[in-house]
Amino acid sequence: MIPRVVLDTNVVVSALLKPQGLEDQVLRLALAGRLLLCVSPAVLTEYARVLPSPKFKLQPEEVATALRQLEKAGSLFDPAGILRISAHEPDNRFYECADAAQAAFLVTGNVKHFKKDYLTTKIVNARELLDLLATGQI
């Protein structure tokens, strides 16, 4: 069974900024279908809001390509309700997506806002997810 994952926006940004980095490896696995990328309308909206930020210096065509790939590769889930787990309100959209998708993992580089697992969804960073894959634990 392919592991279901939700990618926090910072993972996508890091993947675009550091090709061949750990986050890029995770994103490539998701885009290739080796991980089941779980998205929701709110998650896609958050990607579209954050990626074009001038601070990242990403080219508009690079952002557009990434957003198309994420939407195409992602399995769309509609959360049933609003969760209030993270003190950083926008991050709750990722918990909601993970809940709706029954995702095994929420991958983030920001454990400050994602302090705790939710039901069966474990909070991991890119390295932890890749290590679990490499050791056959998932």
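The following paragraphs describe a predicted model, beginning with its sheet and moving on to its helices, its cysteines and two backbone angles.

The sheet is a suitable place to begin. In general, the strands of a sheet pair through backbone hydrogen bonds, in either a parallel or an antiparallel manner. Here the sheet is open, consists of 5 strands in the order E3-E2-E1-E4-E5, and has parallel pairing. Its edges are formed by strand E3 (75-76) and strand E5 (122-124), each of which pairs on one side only.

Strand E1 (residues 4-7) may be followed to its partners on either hand. Towards strand E2 (residues 36-39), E1 runs parallel and is joined by 2 bridges. In one of these pairings arginine 4 has leucine 36 of E2 as its bridge partner, and valine 5 is likewise partnered by leucine 37 in E2. Strand E4 (residues 105-107) also runs parallel to E1, and 3 bridges connect the two. Within this pairing, leucine 7 lies opposite valine 107 of E4.

From E2 the sheet continues to E3, with 2 bridges between these parallel strands. Cysteine 38 faces serine 75 in E3, while valine 39 has leucine 76 in E3 as its bridge partner. Helix H5 packs on the sheet, where it touches E1, E2, E4 and E5; the direction of H5 makes about 165 degrees with that of E1.

The same helix, H5, also has a helical neighbour. Two packed helices are described by the angle between their axes and by the distance between those axes. For helix H3 (residues 41-50) and helix H5 (residues 92-101), the angle is about 145 degrees and the axes are 8 Å apart. Their crossing is left-handed. On the H3 side the contact involves Ala42, Val43, Glu46 and Tyr47, which meet Arg93, Phe94 and Cys97 of H5. By class, the residues of this contact comprise 5 nonpolar, no polar and 2 charged.

Cysteine 97, which takes part in that contact, leads to a further matter. Why does cysteine 97 form no bond with the closest cysteine sulfur? The closest sulfur belongs to cysteine 38, and it is 6.0 Å away, which is too far for a bond. A disulfide would require the two sulfur atoms to be within 2.5 Å, and the count for the model is therefore 0 disulfides. Viewed from the other residue, cysteine 38 has cysteine 97 as the source of its closest cysteine sulfur, again at 6.0 Å. Are these cysteines buried or exposed? Cysteine 38 counts as buried because its relative accessibility is 0%, and cysteine 97 is also buried, with a relative accessible area of 0%.

The last topic concerns the backbone. Most residues other than glycine have a negative phi. Glutamine 20 is not a glycine, yet its phi is positive, at about 75 degrees. This residue, glutamine 20, is placed in the loop between helix H1 (9-17) and helix H2 (22-31). Glutamine 20 counts as exposed because its relative accessibility is 59%, the cut-off for exposed being over 50%. Leucine 119 is another residue other than glycine with a positive phi, in this case near 50 degrees. Leucine 119 is found in the loop between E4 and E5. At 68% relative accessibility, leucine 119 also counts as exposed.

Definitions and conventions
Residues are numbered from 1 along each chain as its sequence is written. This is a predicted model: local features need pLDDT of at least 70, side-chain atom pairs count only at pLDDT 80 or more; totals for chains, interfaces and linings use all residues. Side-chain values use heavy atoms; hydrogens and water are left out. Two strands pair if DSSP finds at least two bridges between them. Helices (H or I, at least four residues) and strands (E, at least two) are DSSP runs, numbered from the N terminus. Axes are lines fitted to C-alpha atoms, for helices over the stretch in contact, and angles run from 0 to 180 degrees between N-to-C directions. A crossing is left-handed if the near helix is turned anticlockwise from the far one by less than a right angle, and right-handed if clockwise. Contact means heavy atoms within 4.5 Å. Ala, Val, Leu, Ile, Met, Phe, Trp, Tyr, Cys and Pro count as nonpolar, Asp, Glu, Lys and Arg as charged, and the others, Gly among them, as polar. Buried means under 20% relative accessible area, exposed over 50%, partly exposed in between (1.4 Å probe, protein chains only).
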